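The following exercises concern the structure shown below. Each task is followed by a solution in steps.

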Amino acid sequence: MRWNFNGKTAVVTGGLRGIGRSIVEQLAEAGAEVHAFDYADSTESVGFAVHRVNVADSKSVEAAVAAIGKPVQLLVNNAGITRDKSIVKMTDDDWRAVIDINLTGGFNVIRALAPAMRDGGYGRIVNITSINGIRGKFGQSNYAAAKGGLISLTKTAARELGGKGVTVNAVAPGMVLTEMTLALAEEFRAKALAEAQLPYLPNAQDIGNAVLFLLSDAARAITGEVIKVDSGQYI
């Protein structure tokens, strides 16, 4: 599928690595003007704008949005971290850090960009959540709670913004073959593959394909939905 996002401005949080980077590159290839919000610095020459942003800090988000200087029609909330421990071993900092980035960060960026989308009568928002936000996961109480909260935020935003022509959806990956997961011991990927119904796990481009569909006008009648891209891990 060849998408056409010419004339559209997009923001992708966590856009310098992994799934976020793939989405940024796919959007840029499809003609969008892409702005990557990321806490990491980047000096590489890329075909998109990079803003150093702490999505957990609303003032940092607002400053980056102001720096774009034009309305944004497309938003992908992808920024996320993990601090895995069982509940009884999890510290206050472990809990807060994941909630602040993975859930509050998504809220902050939606709140900053939604007014222009609403005023323009058009917008597409996709939140990257996780199948573990639906089913839970041992050792990921903070992550699962944040991603579950992001699903509820997706549905609420879909209700609040739909009347102004803005769709809000979520994509829920399982284990995705990125540089990070490929660096894990093989046993972790093997366990995820054993859960899957297909004989392979998705890669970052598979996630991006679902995201670009939801950002496109082919999905104009879809809102408040969660699409699992997990090779059948959740079934």
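Two strands count as paired if DSSP finds at least two bridges between them. Helices (H or I, at least four residues) and strands (E, at least two) are DSSP runs, numbered from the N terminus. The model is predicted: local features need pLDDT of at least 70, side-chain atom pairs count only at pLDDT 80 or more, and totals for chains, interfaces and linings use all residues. Residues are numbered from 1 along each chain as its sequence is written, and side-chain values use heavy atoms, with hydrogens and water left out.

**Exercise 1. The sheet**

Determine the order of the strands in the open sheet, and state which strands stand at its edges.

Solution. Step 1: the sheet has 7 strands, paired in parallel, in the order S3-S2-S1-S4-S5-S6-S7. Step 2: the edges are formed by strand S3 (49–52) and strand S7 (226–229); each has a single partner strand, so one side of each is without a neighbour in the sheet. Step 3: from one strand to the next, the twist averages 20 degrees. Here axes are lines fitted to C-alpha atoms, for helices over the stretch in contact, and angles run from 0 to 180 degrees between N-to-C directions.

**Exercise 2. Strand S5**

Describe the pairing of S5 with S6 and with S4, and decide whether the residues of S5 are buried or exposed.

Solution. Step 1: S5 pairs with strand S6 (residues 166–173) in the parallel sense over 6 bridges. Step 2: S4 also runs parallel to S5, and 4 bridges join them. Step 3: Arg124 has Thr167 as its bridge partner in S6, while Leu74 stands opposite Arg124. Step 4: a residue is buried under 20% relative accessible area, exposed over 50%, and partly exposed in between (1.4 Å probe, protein chains only). By this criterion 6 of the 6 residues of S5 are buried, so the strand is largely enclosed by the rest of the structure. Step 5: Gly123, Ile125 and Asn127 lie on one side, and Arg124, Val126 and Ile128 on the other.

**Exercise 3. The largest nonpolar core**

Identify the element that gives the largest share of the largest nonpolar core.

Solution. Step 1: a nonpolar core is a set of buried Ala, Val, Leu, Ile, Met, Phe, Trp, Tyr and Cys residues joined through side-chain atoms within 4.5 Å. Step 2: the largest one has 28 residues, and those touching the most other members are Phe5, Ile23, Leu27, Val171, Val211 and Leu215. Step 3: the elements giving two or more residues to this core include strand S1 (9–13), helix H1 (18–29) and helix H8 (204–215). Step 4: H8 provides the largest share, 7 residues. In general, nonpolar side chains in soluble globular proteins tend to be buried together.

**Exercise 4. Helix H3**

Compare the expected span of H3 with the distance between its end C-alpha atoms.

Solution. Step 1: the expected span of a helix is 1.5 Å times one less than its number of residues. Step 2: for the 29 residues of H3 (residues 92–120) this gives 42 Å, and the end C-alpha atoms are 41 Å apart, which agrees. Step 3: H3 nevertheless has a kink of about 40 degrees centred on Thr104; the bend at a residue is the angle between axes fitted to the seven residues ending there and the seven starting there. Step 4: just after H3, Gly121 has a positive phi of about 70 degrees.

**Exercise 5. Ser231**

What is the sign of phi at Ser231?

Solution. Step 1: most residues other than glycine have a negative phi. Step 2: Ser231 is not a glycine, yet its phi is positive, about 60 degrees. Step 3: Ser231 lies in the segment after S7 and is buried, with a relative accessible area of 10%.
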